[in-house]
Amino acid sequence: MTAHFNNNMFRPLARTKQELSEKECQDILIKGKRGVLSLVGDEGYPYGVPLNHYYDPMEGKLYFHSGKSGHKIDAMKKEKKASFCVIDKGHQEKNEWFLRFNSVIVFGKIEFIEDEEVIIDKSRELTRKFTDDDEYFQHELETSLKNTAMFALNIEHLCGKRIKEE
């Protein structure tokens with residue numbers, strides 16, 4: 001995997017006592033179903049879009065599927081650098097009103113996936129996060145594959161943090 005914590009190109013976490021280990025970050029990416037992909041949009045404005053994802057820890061990549069056109073696709077074609085943030089569901093301790101949760105931010109570069117076998121394989125993995133219904137997946141494949149774009153975020157850096165809202 002290409003991700004690392006102490007890359008000089010990226011800022012270190014300010015609150016190191018709250019920093020998550022690489023394993024904890026990977027677990028959140030594996031278990032998390034949704035996050036926000038942040039891109040440079042039109043006129044240089046930030047563009048954040050919520051997306052489902054599949055994390056492949058062996059490849060060090062996050063995979064996403066999408067339509068083949070739109071603001072997100074245009075932004076990724078202009079600028080490959082992106083970030084993706086995932087927050088776990090959190091929990092409350094007994095007698096506490098605030099939420100404790102963990103978040104992970106991934107930095108990397110976008111890669112458009114053209115290989116149909118990879119698109120099918122990664123789409124299947126992504127679908128399995130929500131359902132084991134193979135008939136549903138097969139139907140979606142038959143009706144939507146030709147209109148589906150797949151892209152990956154090649155992880156260059158990731159960091160995670162424990163957060164206690166108060």
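This report describes the fold, the salt bridges and the internal cavity of a predicted model.

## Overall architecture

The chain contains 4 helices and 7 strands. Read from the N terminus, these elements follow the order α-β-β-β-β-α-β-β-α-α-β.

Of the chain's 166 residues, 38% count as buried. Contacts between residues 24 or more positions apart make up 72% of those with a separation of 6 or more. The surface that the chain exposes amounts to about 10,400 Å², and carbon and sulfur atoms supply 49% of that area.

## Salt bridges: the network around Lys-122

Side chains of opposite charge can pair when their charged atoms come close. A search of the whole structure identifies 7 salt bridges. Four residues, Asp-56, Glu-59, Asp-121 and Lys-122, are linked in a network of such bridges.

Within this network, Lys-122 and Glu-59 meet through their side chains, with an N to O distance of 3.2 Å. Lys-122 belongs to helix α3, whereas Glu-59 sits in the loop between β3 (54-56) and β4 (61-67), so this salt bridge ties together parts that are 63 residues apart in sequence. Lys-122 also forms a salt bridge with Asp-121, where the closest N and O atoms are 3.9 Å apart.

How does the accessibility of these residues compare with the cut-off for burial? Lys-122 has a relative accessibility of 6% and therefore counts as buried, since burial means under 20% relative accessible area. Glu-59 is partly exposed, because its relative accessible area is 34% and the partly exposed class lies between the 20% and 50% limits. Asp-121, also with a relative accessible area of 34%, is likewise partly exposed.

## Salt bridges: the link between β6 and β7

Another salt bridge joins Glu-156 and Lys-109, whose closest N and O atoms are 3.1 Å apart. Glu-156 is located in strand β7 (residues 148-164) and Lys-109 in strand β6 (residues 100-113), and the pair thus links distant parts of the chain, 47 residues apart.

Are the two partners of this bridge buried or partly exposed? Glu-156, at 22% relative accessibility, counts as partly exposed. Lys-109 is also partly exposed, at 36% relative accessibility.

## The internal cavity

Rolling a probe the size of a water molecule over the atoms shows where empty space is left. In this structure, a search of the whole model finds 1 cavity of 30 Å³ or more. The volume of the largest cavity is about 40 Å³.

Which residues line the largest cavity? Its lining consists of Arg-124, Thr-127, Arg-128, Thr-131, Asp-132, Asp-133, Asp-134 and Phe-137. The elements giving two or more residues to this lining are α3 (116-128) and α4 (134-144). Helix α3 gives the most, with 3 residues. By class, the lining comprises 1 nonpolar, 2 polar and 5 charged residues.

## Helix α3 in summary

Helix α3 appears in both parts of this account. It holds Lys-122, the partner of Glu-59 in a salt bridge to the loop between β3 and β4, and it gives the most to the lining of the largest cavity.

Terms used
Residues numbered from 1 in each chain as written. Predicted model: local features only at pLDDT ≥ 70, side-chain atom pairs only at ≥ 80, totals over all residues. Heavy atoms only, no water. 1 Å grid on protein atoms, 1.4 Å probe; cavity = no way out; pocket = protein on both sides within 12 Å on 5 of 7 lines; lining within 4 Å. Points joined across faces, edges and corners; volume = space filled by probe spheres on them. Nonpolar A, V, L, I, M, F, W, Y, C, P; charged D, E, K, R; others polar. Buried < 20%, exposed > 50% of the residue type's maximum accessible area, 1.4 Å probe, protein only. Contact = heavy atoms within 4.5 Å. Areas by Shrake-Rupley, 256 points an atom, 1.4 Å probe, with all protein chains shown as cover.
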